[in-house]
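Work through the exercises below with the model open. Each task is followed by a solution in steps.

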Amino acid sequence: MIIAERFLKSTSLDLKSMKFDKVLLVLLALALLGCTQHSSDQVEHGIVKFAKNFQIEFHDGYKILKVKEDETWKTYILYYDKPPEGVEGIPIKIPIKRMVVMSSTHIAQLEAINGTDAVVGFMYGGRYKLYFPDVVERLEKGEIVDLGSPNAPDYEKLIELNPDIVIIYVTSSNEKVREKLRELGINYIVDSEWLENDPLGRAEWVKFFGALLDKDEEAEEYFNRIVKNVEEIEEAVSSVEEKPNVLWALIYKGRVYVPRGDGYVAKMIEYAGGDYLFKDVNGTGSEIINIEDLLLKGQKADVMIYSSYYVKSLDDIKRKEPRMADLKVFKERKIYNITPDYWQLGLLHPDIVIRDLAAILHPELFKDYEPRFFVRLT
Amino acid sequence: MMLEVSKLSAGYSNAVLAGIDLNVERGEILGIIGPNGSGKSTLLKTISAILKPMNGVVYLDGKNVHKLKPSELAKELAITTTNRSDVGFLTGFEVVSLGRYPYTDAFGRLSERDVEIVMEALRLVNAEYLADKPFSEMSDGEKQKIMIARALAQQPKVLLLDEPTSFLDAKHRVEIPLILRRIANEKGIAIVLTTHDIELAVRICDRIVMVKDGRVVAEGYAEDLDSEIVKELYGIGVAEFDPFLGTFELKGEGRAKIHVVCGGGSGARVMRLLTKNRIPFTAGVIHENDIDFYIAKHCAVGVVKERPYEEIRDETLEDAFRLVENCDLVVDTGFPIGKINARNLEVLRTAKRVYSLRSKKELEKIDLDAEVIRMADLLKICKY
Amino acid sequence: MRIKFVILSFISIISIFVGILAGSVHASIHDLYDYLKGKQDVRGYIIWEVRVPRTLGAFLGGACLAVSGLLLQTYFRNPLAGPYVLGISSAASLAVALCILAGMGIHNVGIVGSAFLGSMLATVLILCLATKVRNAVTLLVAGLMLGYLFSAFEKILITLAESQKVHQFILWTFGSFSGITWDNLELITILGIPAMMLVFTLSKPLNALLLGEEYARSMGVNVKAVRMVIVTLSSFLTSLVTAFAGIVAFVGLATPHMARLLFRTSDHRILIPTTILLGAIVTVLCDIISRILLYPVELPVSVVTSMFGAPIVIYLVIKRRRV
């Protein structure tokens, strides 16, 4: 397995013989699948390659799921009939039949493996529009119980639902919820896909849900498809010498938010064959800069992604900040905004997002391709 | 001595008072008078241990006031200040019963004895009828009485009052000093009050201390009060203090065109009216034992006086004639005519124009040619 | 007066029952009884594990805040004083902002711990000031200014933070009794109830302080000492509630007035217990409403306390014509 891993790494860097790698990848996938059928007492090396905040190991008759919560790793034993002896960890019986989720991203990942039927409760509160019609329907019918907002969920209904597990995300402000869940004796597990810095790492979290729902194959298949698509795109744009400069920003009340250089936006742009103008800003998350910095760097931009759907035209941008009209991207009308379902569906299809970006950056390589998640502003 | 203050200096950041000495005996009322800003309130606050002295000592019944615990001091000394408080729904009785603080238990429960003392305090200030009235609905004077009763409920040996009658209505301005007198006499409490109202001080205090710029400038019995000192104290130019009357009288100034012939108190109102309106006048002949004389002394620009109980002499009359010559009109205030002042009629007769407050009938009787007027018209006539 | 108090006690008990019975799941007292007797009943479990700690938390929290407000209103002789005038809530808020917005929380201490630590720090500051100032008004002004200072730093953090985090933080500042655990409740009980009892022992000097510090001293009150105790108790009570429930507006300010108006007294021996009960009742009822009004989303409790409290006080004031 170690050899295979090294191979994978090398193949993603060296994209000369793509076809050969494609075959290798498929072989690898098959091998992995094979591993899950085999009985082997040996501790297999974790199957998670891109994501940094969780890990899965397949053992004989059980799986080990390790998840990073705050700064520590928590180990869960996913068992079928009874938990294995002498193994340390929190036992969870799988497959999970009744699940409560906290965020639309959880639903997105479940959609990827057709697992939304397992959802019986959602901390929704009607706070935003949902782009998953099956879930919306089930919510309306009451098949999925709306538990209110994640800060103050309806614990009563939650107890009544008696879920097998609650999927939560951790912020510094919801420790109260975790404490209460602990007191009530309700199992929860942390989904930290939003902390991943690589879009592929984010996408890989479907394996997390796959492990819980015992749909590892679907998860694997889905993920491999994404990886394959992304590598295809990488390959396609590798021949381009001059990488176009990309600006990705949001302007609000005179402040400009740009993703930092180590985050997943920068990585997506890299996959798409672009040069992110703020890639040298260290760290993850967003950086606040002022308008002058934006205009300075932005002069060099060939393409701009405005990361909000509230701005619908170039005039809107001009109104927010008149000086934007002096930028090359503005004059050449190469500014795109994101679609409203970008945050939910875009997460589900990172390969499409990257393809969109690649098509925007290298239109000549992707003729007749309309971006799905980005709209050109006029 | 019940209360002794020795070389007291006090103040907030700088010394407002310096080297103050005073003392008060049982049952005595001491008045501290002085203009605003002279340090009177600071003095009271220092004596009552609200402020710490910078120098000097205050002894109460031989004990150093600043060495006593607040609860001990509260049984010996009580104060009223000029502070107004909103005490919510408390009734008169409840406010007074706060004075039992140093005597009641940890929860402030009143024993029968406490209630007796509270009612007694209310009686002393004539406020029994205010016991159930909400404090917030009382007039300023009623509130003041209640606050004094509250101080009495502490059963103090010394009572300090800061400006007790300032800002009060007329009825209470008179009533409260009488109450204080009663308290001093009946209970033998030593009372110290501050005021800028000299007339009040003279009326009810036994002794007076005058404070200016933080120092004692005079001290003594109220009856000995000198008008010169008062003038110096207050720096007043427009009025003079008459120690006999115990009042301030406005000073008259200017060239007189009017002469007033009066006596027997009949001229008091007229003279005060003219002075108030800054109309200068002369007066005479008035006998020195006549109250009109005391007023004319201050108010008239010039007075012709005669010795007490003696008939008006020729020289005196001459002086009066001369005054009348210089005037345009003469006012006859309708004074009672008796043996000693009958000759004032001659003064009236020499005048060119006489306005008289007597009736027509009376004028005929004394055979005086004058125009009858009423008090109300006097001002108009004199002003012209 | 006695009768009114008995009625009030009765209402407070009823409010607890309403709190226990109100919820999204149909559960009755019978279920609770069964559960406590050992029967495995989900509904009884729900009442016991979710509703009881929350309702009792609101009950005690409201009582603590109301009493804290009363203390400060009397001491400062200011009807607009509330538990937050000394800057306690601003300090707690700043501490929580450091946690949520700047990620500078102290490990293992969490939001509850941070809020409490922040409040206590402010309390120490205020106590230091209290020894130095000459009178009550000066202390009030100092406290208000301290509050503004903390608030300023908090606003800096808000300006620099991502909008998602700011949203979370703001919600905390609006206050909520959601998710109170039995552990939380234990702490509130052990710390809050003795503190409230201590306040009751201050009834006598508090009555004297109605006339102001100078008069109080002249009647034998050790004003300096009482001042320290008042500030400490008030800050402690406020800090306790703020740590667990965020900033609950209005209760501390309005309840003492309601108590005064309903019982027509300013005597603290009556006011303190009645304020405690009224504060508890009001907060429990507002907590229930906050759960129900926009179900399944919970409203922050401060929204409800302000919305329903303000008109009630206005009505009382107009009707009785004095506060």
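**Exercise 1. Contacts of a core residue**

Task: Which residues does Val96(C) touch, not counting residues up to four places away in sequence?

Solution. Step 1: take two residues as in contact if their C-beta atoms, placed from the backbone, lie within 7 Å. Step 2: this is a predicted model, in which local features need pLDDT of at least 70 and side-chain atom pairs count only at pLDDT 80 or more, while totals for chains, interfaces and linings use all residues. Residues are numbered from 1 along each chain as its sequence is written, and chains are lettered from A and ligands numbered from 1 in the order in which they are written. Step 3: leaving out residues up to four places away in sequence, Val96(C) touches Ile111(C), Ser114(C), Ala115(C), Phe169(C) and Trp172(C).

**Exercise 2. Nonpolar cores**

Task: Find which members of the largest nonpolar core touch the most other members, and which helix gives the largest share of this core.

Solution. Step 1: a nonpolar core is a set of buried Ala, Val, Leu, Ile, Met, Phe, Trp, Tyr and Cys residues joined through C-beta atoms within 7 Å. Buried stands for 20 or more other C-beta atoms within 10 Å of the residue's own, exposed for 12 or fewer, and partly exposed for values in between, with C-beta atoms placed from the backbone. Step 2: the largest core has 170 residues, and Ala121(B), Ala149(B), Ile191(B), Val67(C) and Val96(C) touch the most other members. Step 3: helix α3 (residues 42-76) of chain C gives the largest share of this core, 13 residues. Step 4: a second, separate core has 106 residues, including Val227(A), Ile305(A), Val329(A) and Ala359(A). Nonpolar side chains tend to be buried together in soluble globular proteins.

**Exercise 3. Strand pairing around β10(A)**

Task: Which strands are joined to β10(A), and do they run parallel or antiparallel to β10(A)?

Solution. Step 1: helices (H or I, at least four residues) and strands (E, at least two) are DSSP runs numbered from the N terminus; two strands pair if DSSP finds at least two bridges between them. Chain A has 15 helices and 16 strands. Step 2: β10 (residues 245-252) is joined by two bridges to β12 (residues 275-276) of chain A, and the two run parallel. Asn245(A) has Asp275(A) as its bridge partner in β12(A). Step 3: four bridges join β10(A) to β14 (residues 303-306) of chain A, also in parallel. There, Trp248(A) stands opposite Ile305(A), a residue of the second core. Step 4: with β11 (residues 255-259) of chain A, β10(A) shares three bridges and runs antiparallel. Ile251(A) is partnered by Val256(A) in β11(A). The two strands form a hairpin with two residues between them, and Lys253(A) in the turn has a positive phi of about 50°.

**Exercise 4. An open sheet**

Task: What is the strand order of the five-strand open sheet in chain A, and which are its edge strands?

Solution. Step 1: the order is β7-β6-β5-β8-β9, with parallel pairing. Step 2: β7 (145-146) and β9 (188-190) of chain A are the edge strands, as each pairs on one side only. Step 3: β6 (residues 119-122) of chain A is joined to β7(A) by two bridges, and Gly121(A) stands opposite Val145(A).

**Exercise 5. Backbone angles in loops**

Task: Where do the cis peptide bonds before Pro95(A) and Pro296(C) lie, and which loops of chain A hold Asn162(A) and Asp214(A)?

Solution. Step 1: the bond from Ile94(A) to Pro95(A) is cis, with omega near 0°; Pro95(A) lies in the loop between β4 (90-93) and β5 (99-101) of chain A. Step 2: the bond from Tyr295(C) to Pro296(C) is cis, with omega near 5°, and Pro296(C) is in the loop between α13 (268-292) and α14 (301-320) of chain C. Step 3: Asn162(A), not a glycine, has a positive phi of about 50° and is found in the loop between α5 (155-161) and β8 (165-168) of chain A. Asn162(A) counts as exposed because it has 12 C-beta neighbours inside 10 Å. Step 4: Asp214(A) has a positive phi near 60° and lies in the loop between α8 (206-213) and α9 (216-238) of chain A. Asp214(A) has 15 such neighbours inside 10 Å and therefore counts as partly exposed.
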